[in-house]
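Trainee: I would like to go through this model with some questions. Where should we begin?

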Amino acid sequence: MVETRRVPDAVTPFEIRVGDEEIEDLHRRLRSTRFIAPPPVSDWSSGVPVAYLRELLEHWERAFDWRTEEARLNGFTHLRVLVDGVAMHCVHVRGSGVRPIPIVLVHGWPSSFVEMLDLATLLADPARGGGDAADAFDVVVPSLPGFAYSDAPRTPGCTSADNGRLVARVMRALGYERFAVHAYDVAASAMTAFCLSDPACVIGYHTTEPAIPGPYPVPERASLGAEERAYLALAAEWDADEGAYFAMLRTRPQTLGHALNDSPAGLAAWIVEKWWSWTVAPASGRRLHDTIPMDRVLSNIAIYWHTRTINSANWLYHAGRRPRVAGEQARVPVGVALTSQPIERAPRSWAERFFPDIRRWVDLGPVGHFVAAEQPASLAAAIRDFFRPLRH
C-alpha cells in the first residue's frame, strides 16, 4: 500500500506502507514452505542448496523485521513522477555541497532501488565518508518501469530506449536538464540508449559493465585483437552456463511469473541464486552474507514480494531490445570501474568500439556484480574521481 498526497508538476511524495495482514500472510506462506528432497549435491552447482534456502527463509520469518527496514527506507525522500502516463518511482537525496551536480543511479536485475541507497548517501554527502564536500551530488535513484513502486509499461513492446527516456523524463521533472549517469546491467542498455539519443543532456556516463552494449554488428573475427577474441569466447561459455534465465525470460517469462508471484520461497531462490553467483562469494569461498548482510539481501527480495512486481520486472527481457543501428557510438565522456566478474571485464579495445571517449578506466578489485551493495565506498570513490573534472 502506498500513501500519497498530490503536489504540483505531477510529482507525488509517498511513504512505503505494508499492511499487517500482508506480513502475516507472508509469514504463513514461509512456515508452509514445501522443500524439495535434498539432491545428490549439496553445493550451489545445481542451484540454491536446500540447507541454505531453509536458513534464508527461517531468517526472513523469524529475524528479519520489515517494520525496521520500512522505517529505514522511509528515512529517504520517495517520489512518484507521472511521465507519459507511467508513474515512475524514485528516491531523491539532495547533495550537501555548495554546487552538487545531479546524478541518476539506475539499478539492474534482479535488484531494486534499495541496492543503491548506501551509494546515494555517500555521493550526496562525501564528507560523511571522509571525502571532499565539493564532490557532492544531487542523487536520484529511480525504479525501472515494472520494478518496485514504478508502474509497469502500458504496452507490451516497451524497449530499453523507452525505459531510458522515462528515466530522463523523471530527471527533467525534478528540474535537471543535464545530469550524470551511473548504470549497469539492464539499466546500462536503457541509459546508453539515452546517451545516443540525447548526448548533450549527459554530463558523463559511468558503468561497471563496459560491454553493454557491445558494437553492432559484431566485427569480423579477423579484425579483432587477441584479447577481444578471448573475451567473446568467455562470453559464449558464460552464456552456456549462466544464460538459462535469459532464455526463459526472453521467451516465456509469464509461465515462471505465476510461481514466483505466489511463493516467497520460490521468489527468494530465484533472486538469491543470482545474488550469490554474481558476487565474489563463489570465487572467494565465502558465504554470500560475508559479503552482503542477510537483511540487505532480504530487503531486496521483500520489495519484490510486497509490490508483486517480479513478473513485470522479468518482462523487461521479453519486451524487446532497442533496435540497433550499424556503427553507432555513444559519444559522451565515459568512466569504467571494473568488477572482478570475468564477464564484466571486457577489454578496453572492445569497449572503445561503442564508447570512443573513455576518460577513466579503473579496477575495483575483488567485488561482484552488485557492487553498490558489496562495496559502496569503493564505487562512490570511482564515480567521484571520474566526474570531478566534468563538473564545470
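Mentor: Begin with what counts as an element: helices (H or I, at least four residues) and strands (E, at least two) are DSSP runs, numbered from the N terminus. Keep in mind that this is a predicted model.

Trainee: In which loop does D151 lie?

Mentor: Two elements bracket D151. One is strand β6, residues 137–142, and the other is helix α5, residues 160–173. D151 therefore belongs to neither of them and lies in the loop between β6 and α5.

Trainee: Is D151 buried or exposed?

Mentor: The cut-off for buried is under 20% relative accessible area. D151 has a relative accessible area of 17%, so the word for D151 is buried.

Trainee: With which side chain does the side chain of D151 make a polar contact?

Mentor: Leaving aside neighbours within four places in sequence, D151 is in contact with R80, G85, V86, A87, P145 and G146. A polar contact, at 3.4 Å, links the side chain of D151 to the side chain of R80.

Trainee: A148 lies in the loop between β6 and α5 as well. What is its phi near?

Mentor: A148 is buried, because its relative accessibility is 8%. A148 is a residue other than glycine, yet its phi is positive. The value is near 50 degrees.

Trainee: D84 also has a positive phi although it is not a glycine. Does D84 count as buried or exposed?

Mentor: D84 sits in the loop between β3 (77–83) and β4 (86–93), and its phi is about 50 degrees. An exposed residue has over 50% relative accessible area. D84 is at 53%, so D84 counts as exposed.

Trainee: Which residue does a cis peptide bond join to W109?

Mentor: Omega of this bond is about -10 degrees. The partner is found in the loop between β5 (101–106) and α4. That partner of W109 is P110.

Trainee: And which residue does a cis peptide bond join to Y216?

Mentor: Here omega is about -10 degrees. The partner lies in the loop between β8 (202–207) and α7. That partner of Y216 is P217.

Trainee: How far apart are the end C-alpha atoms of helix α17?

Mentor: Helix α17 covers residues 376–387, which is 12 residues. The expected span is 1.5 Å times one less than the number of residues, so α17 should span 16 Å. The model agrees with that, since the end C-alpha atoms are apart by 16 Å.

Trainee: Which residues in α17 are buried?

Mentor: An α-helix has 3.6 residues a turn, so residues three or four places apart point the same way. With that in mind, look along α17 for the buried residues. They are P376, L379, A380, A382, I383, R384, F386 and F387.

Trainee: With which residues is D135 in contact, leaving aside its neighbours within four places in sequence?

Mentor: D135 lies in the loop between α4 (117–124) and β6. It is buried, because its relative accessible area is 6%. Its contacts are L123, P126, R384, R388 and R391.

Trainee: How far apart in space are G131 and A381, C-alpha to C-alpha?

Mentor: G131 is found in the loop between α4 and β6, and it counts as partly exposed because its relative accessibility is 33%. In sequence, G131 and A381 are 250 residues apart. In space, C-alpha to C-alpha, the distance is 8.6 Å.

Trainee: Which element gives the most to the lining of the largest pocket?

Mentor: About 1,300 Å³ of space lies in the largest pocket. Its lining has 39 residues, with S189, A211, I212, F246 and R321 nearest the centre. Elements that give two or more residues are α5, α6 (185–197), α7 (226–242), α8 (244–251) and α14 (310–319). The most, 6 residues, comes from α7.

Trainee: Which element gives the most to the lining of the second largest pocket?

Mentor: This pocket holds about 350 Å³ of space, and its lining of 20 residues has D241, E242, E273, W276 and S277 nearest the centre. Two or more residues come from each of α7, α8, α10 (264–277) and α11 (281–284). By class, the lining has 9 nonpolar, 7 polar and 4 charged residues. The most, 5 residues, comes from α10.

Key. Residues are numbered from 1 along each chain as its sequence is written. This is a predicted model: local features need pLDDT of at least 70, side-chain atom pairs count only at pLDDT 80 or more; totals for chains, interfaces and linings use all residues. Side-chain values use heavy atoms; hydrogens and water are left out. Buried means under 20% relative accessible area, exposed over 50%, partly exposed in between (1.4 Å probe, protein chains only). A polar contact is a pair of N or O atoms within 3.5 Å; within protein, one must be able to donate a hydrogen and the other to accept it, and residues adjacent in sequence count only if both atoms are side-chain atoms. Contact means heavy atoms within 4.5 Å. On a 1 Å grid over the protein atoms alone, a cavity is a set of points where a 1.4 Å probe fits but cannot get out, and a pocket is an open set with protein on both sides within 12 Å along at least five of seven lines; lining residues have an atom within 4 Å of a point. Grid points are joined across faces, edges and corners, and a volume is the space filled by probe spheres set on the points. Ala, Val, Leu, Ile, Met, Phe, Trp, Tyr, Cys and Pro count as nonpolar, Asp, Glu, Lys and Arg as charged, and the others, Gly among them, as polar.
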